Amino acid sequence: MDIQVFGRLTEVFGADKITVDPVNDTDSLLKKLRQDYPAIGETGFIIAVDKKQVRENVQLSPGMMIVLMPPFSGG
Amino acid sequence: MSKSFSPERYQRQLILDKFGMAAQQKLSESRVLVIGAGGLGCPVLSYLVAAGVGNIGIVDDDVIAIHNLHRQPLYDTKDVGKLKALTAREHLLDLNPSVHIEAITSRLDESNALSLFARFDIIVDGSDNFATRYLVNDAAVLTGKPFVYGAVTQYEGQLAVFNVTSGQEVQGIHYRDLFPEPPAPGKILNCAEAGVIGVLPGIIGIMMAAEVIKFISGVGKMLTGKLLTLNILTNQWLELELVSSEKTRSLIPKDAESFARMRYEDLCNGNSYGISVNELKKMLADESILIVDVREVDEVPEMEDLKTLRIPMSIFKEKMSGIPVGKVAFICQSGIRSRRAAEMLADARHSGEGIFSVNGGVVKWMDSQNKAAHV
């Protein structure tokens, strides 16, 4: 399961794309990411599945596009 | 505010299908407030002025530095050290003298944002820090103004149009629907710390200007309810559909009074310089400390019972080198400008040691003196 990340999160993950073992839903994914990468909690980010922001738990299936997008501050 | 314009100047857009005289007239009558005349603000301003937006406000309290010029080509090398808002106005009037441009050189804060926003049709956020971004969002929601958001970091940029209702929605999506609360202080770096490639804010800024022109003219489809991100290294554009939430509305101050009480700087950066009035009194009793009042000369009340040096914020940058070495506490009306002064002096001294800002400012000091007098 591939996850694309942007901005500050590329430093947290060490890459702009990471692969994790498949999980059933976005809640499980976030739980796992918070365990493996505790620093992700510091930035704040939105999670999007198939290019749509997710607010509640959403079922994940293979091939879905998952994006974690933090805020940028510069201008 | 009906304005006449020279059709010749705008001929190439006047002949566009869907645009024409009607759209141009709307542009010439519109009022756009641009927050920040930096990497994003420069292209936004240049293109809005060139396009014939009739009334433009520029808010920026910063001066031009040599390291700004790689991404802020509105300025010349000889402009280094000058105030951005005034210098931008000068160059923009050369470009298009028929535009009315108001340069505002004070910092946007809790005391001026709402009244300022009320005078404009649409707000453009080209600021460079989270405190201003949250302040702009909340003020825009409270005043019911649409705002165009842009932000950059290193090789990536973001763009969105917030607080615009699209018909079916009761309320437009706003910044807090994406990021309800500011990130922990220092966890997301700005351009000064993380760097930025010069062309990036140029691209994002011009797209922000395009959204403003679409909003005013009614031509085309805006980026409402979407977040567009560009990675310039890979030329990847990504458009995410955003979803609003009832919960995030509760994070915005409910009215003007609660907004005025917000402390966006502290919320986003922590307040490491802040001391209470009582702490100040203790310091005054125990040691020698200089108190600098950064209010403007005509601001009242006078501090009769406290010996202060007055260095108004409007000339603080030029005058702060005159502050003698040693402990210094800054004070202003409410504690916002004094905090900014403390940061600026700490930057100049390369240390925040012995630098303080009085929380609540003169208002709290007076309260405390009045209380003491009535005990």
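**Reading strands, chains and unusual backbone angles**

Modeller: Let us begin with strand E12 (residues 328-331) of chain B, where B:Val328 and B:Phe330 point one way, B:Ala329 and B:Ile331 point the other way, and all are buried. Buried here means under 20% relative accessible area, exposed means over 50%, and partly exposed lies in between, with a 1.4 Å probe and protein chains only. This is a predicted model, in which local features need pLDDT of at least 70 and side-chain atom pairs count only at pLDDT 80 or more, while totals for chains, interfaces and linings use all residues. Residues are numbered from 1 along each chain as its sequence is written, chains are lettered from A and ligands numbered from 1 in the order in which they are written, and side-chain values use heavy atoms, with hydrogens and water left out.

Biologist: How should I read the two directions in which the side chains of E12 of chain B point?

Modeller: In a regular strand the side chains alternate between the two faces of the sheet. In E12 of chain B, B:Val328 and B:Phe330 take one direction and B:Ala329 and B:Ile331 the other. Helices (H or I, at least four residues) and strands (E, at least two) are DSSP runs, numbered from the N terminus.

Biologist: Which strands pair with E12 of chain B, and how do they run?

Modeller: Two strands are said to pair if DSSP finds at least two bridges between them. Strand E10 (residues 290-293) of chain B is joined to E12 by 4 bridges and runs parallel to it; B:Leu290 stands opposite B:Val328, and B:Asp293 has B:Ile331 as its bridge partner. Strand E13 (residues 355-358) of chain B is joined to E12 by 3 bridges, again in parallel, and there B:Phe356 is the bridge partner of B:Ala329.

Biologist: In what order do the strands of this open sheet lie?

Modeller: The order in chain B is E9-E13-E12-E10-E11, an open sheet of 5 strands with parallel pairing. Its edge strands are E9 (274-275) and E11 (309-310) of chain B, each of which pairs on one side only.

Biologist: What is the hand of the unit that E12, helix H15 and E13 of chain B make?

Modeller: A crossover is right-handed if, with the strands pointing away from the viewer, the path from the first strand over the helix to the second runs clockwise. E12, helix H15 (residues 337-349) and E13 of chain B make a right-handed β-α-β unit.

Biologist: How can I judge whether chain B as a whole is compact?

Modeller: The radius of gyration is taken over C-alpha atoms, and the globule rule is 2.2 Å times the number of residues to the power 0.38. Chain B has 16 helices and 13 strands. Its radius of gyration is 22 Å, close to the 21 Å that the rule gives for 375 residues, so chain B is as compact as a globular protein of that length. The domain assignment, which is automatic or taken from a database, gives domain 1 (11-261) and domain 2 (271-374) of chain B, and the C-alpha centres of these two domains lie 32 Å apart.

Biologist: And what does the rule say about chain A?

Modeller: For the 75 residues of chain A, a compact globule would have a radius of gyration near 11 Å, and the 12 Å of the chain agrees with that. Chain A has 3 helices and 5 strands, which follow the pattern β-α-β-α-α-β-β-β along the sequence. Buried residues make up 51% of chain A, and 52% of the residues of chain B count as buried.

Biologist: Where in chain B should I look for unusual backbone angles?

Modeller: Most residues other than glycine have a negative phi, and most peptide bonds are trans. B:Gln154, in the loop between strand E5 (147-153) and strand E6 (156-162) of chain B, has a positive phi near 50 degrees and is partly exposed, with a relative accessible area of 27%. B:Asn163 has a positive phi of about 65 degrees; B:Asn163 is found in the loop between E6 and helix H7 (175-178) of chain B and counts as buried at 14% relative accessibility. A cis peptide bond, with omega about 0 degrees, joins B:Val300 and B:Pro301, and B:Pro301 has its place in the loop between E10 and E11 of chain B.
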